[in-house]
Amino acid sequence: MDDLARRLKGRALALGFDRVGIAPAQAPPGYPHFLAWLDAGRGAGMGYLADHAGARAHPGAILEGVRSVVMASLVYGGRSGQPAVGKVARYARGADYHTALRGRLELLAEWLRDEAPGVSARAVVDTAPLMERDFARLAGLGWIGKNTMLIDRKLGSFTVLGALLVDADLEPDAPHASSHCGTCTRCLDACPTGAFDGPYRLDARRCISYWTIEHQGPIPDAAAGELHGWAFGCDVCQDVCPWNRKAPAARIPEFAPRPEWEAPDLVEWLTRSKWRWKRLLTNSALRRAGRSGLVRNTALTLGVAGRVDAVPALAARLADPKEDPTIRHAAAWALGRIDAPEARAALDAHARG
C-alpha cells in the first residue's frame, strides 16, 4: 500500500491537481468547534449545516468502511483586476469548481480501482458532509488560518479542495502540525463588515459571502448597505493575506476567468433575459445564488453606489408585476438610495400603482 499511495499521488498530479496528500479516516479534530459554532448561531440561515451535522463526525457516514481520505487541491486564481462595484469572488469567475474537481477525482478513483481491484473509492466535493479543511491539514496540505481558510506555504489560500474516500489503508502523510500566521491579524482587521470576532471565529451573520450567496429572499437593510460592491462572494480576507502575495495563478484551463464575471456590466445584469441568465449560469458556481440572488445583489450594490445610469433598469424591474418579489424589493431599495429625480419618479409611479 505504500507503493500504491506513492503512485496514486503521482497520478493525481498528472491529472492536474496542484497538491495531494493522504490522511487516515478519523473523527475530524475541528468537529467540536463546528458544533459550538452552530450552537452559537454563527451559521446564520444555513440550516442544512445543522441538519447534516451528525454526518460530519466521521467520514464513515459518506463511505462505509472508509480507511483513508485522499485530499487534493486546485489553485483557482492569483491576483487579477476587479471593478469597484460588481465584484465576483475569484473562485467563481471561471468554470464551476465542482465540475473541475469531480471530473478529476472520478478519473483518479477509476485509476485506483484498476490498480487495486476490490478497493472502493468515492469522490467527494463540498456538497457532501465532509470537513475538508480538517482532512487537508491532516493530509499535510497546509494549516487553517485565522480567517478559517486552508493556507499552503507555496500555493496560498486561493485553492479549492476535493477528496477521495477509500476503504483501504493507504500510507498517510504527516499532518501539518504548525501554523505560520504568527501574530498577523490582517485578515481579521481588513474584513469590511467585522465578520470575525477573533481568530478562527467567523460569524456568517456578518459575512458578505453568506448574504450574497447563501441567503435567499430579501437582504435586511443593515446587510444590504454593507455589501461593499460585491455581487457574489468576497475575497478581502484572502487578498490581504501575506501568504497570497506570491500565490500562483490557476494552471487548469477551466479556471480561466470569463469576461462576464471578471468585469461584469451590472446594468446589463438587470436587463439580461432569463434565458441568457440560464445559459451563462450553466457550469458556473454563481448558479448557487441563481438569477434571483445575483440580480438582487446587483441592484443593492448599484443603489449604494448611487448609479443614476442604473435607474431605468431598476425602474423596469420594480414595475414588472411578473418579476421575482425579491428582485422588486431590491430594486425599490436601490432606487430609494439614488439621489436623482428619475429615481424618485420611479418610486412615486410604483406607489401610485
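Q: How many helices and strands are there in the protein?
A: Glad you began there. This is a predicted model, and the protein in it has 16 helices and 8 strands.

Q: What radius of gyration does the protein have, and what would a compact globule have?
A: The idea is to set the value beside what chain length suggests. A compact globule of 353 residues would have a radius of gyration near 20 Å, and the protein has 22 Å, so the two agree. Along the principal axes, the C-alpha trace spans about 75 × 40 × 40 Å.

Q: What share of the residues count as buried?
A: Buried means under 20% relative accessible area. By that cut-off, 51% of the 353 residues are buried. As for the accessible surface, about 15500 Å² in total, carbon and sulfur atoms account for 54%.

Q: Among contacts between residues at least 6 apart in sequence, what percentage join residues at least 24 apart?
A: For this protein, the figure is 76%.

Q: How far apart are the mean positions of the positive and negative charges?
A: They are 3 Å apart, taken over 45 positive and 39 negative charges.

Q: Which sign of phi do most residues other than glycine have?
A: Most of them have a negative phi. Here are two cases to look at in this model. T148 has a positive phi, near 75°, and sits in the loop between β5 (143-144) and β6 (150-151). N283 also has a positive phi, near 55°, and belongs to the loop between α12 (274-280) and α13 (290-305).

Q: Is T148 buried or exposed?
A: T148 is buried, because its relative accessible area is 16%, under the 20% cut-off. N283, at 26%, is partly exposed.

Note on methods
Residues numbered from 1 in each chain as written. Predicted model: local features only at pLDDT ≥ 70, side-chain atom pairs only at ≥ 80, totals over all residues. Heavy atoms only, no water. Helix = DSSP H or I, 4+ residues; strand = E, 2+ residues; numbered from the N terminus. Rg over C-alpha atoms; globule rule 2.2 N^0.38 Å. Buried < 20%, exposed > 50% of the residue type's maximum accessible area, 1.4 Å probe, protein only. Contact = heavy atoms within 4.5 Å. Areas by Shrake-Rupley, 256 points an atom, 1.4 Å probe, with all protein chains shown as cover. Lys, Arg positive; Asp, Glu negative; His and termini not counted. Charge placed at Lys NZ, Arg CZ, Asp CG, Glu CD.
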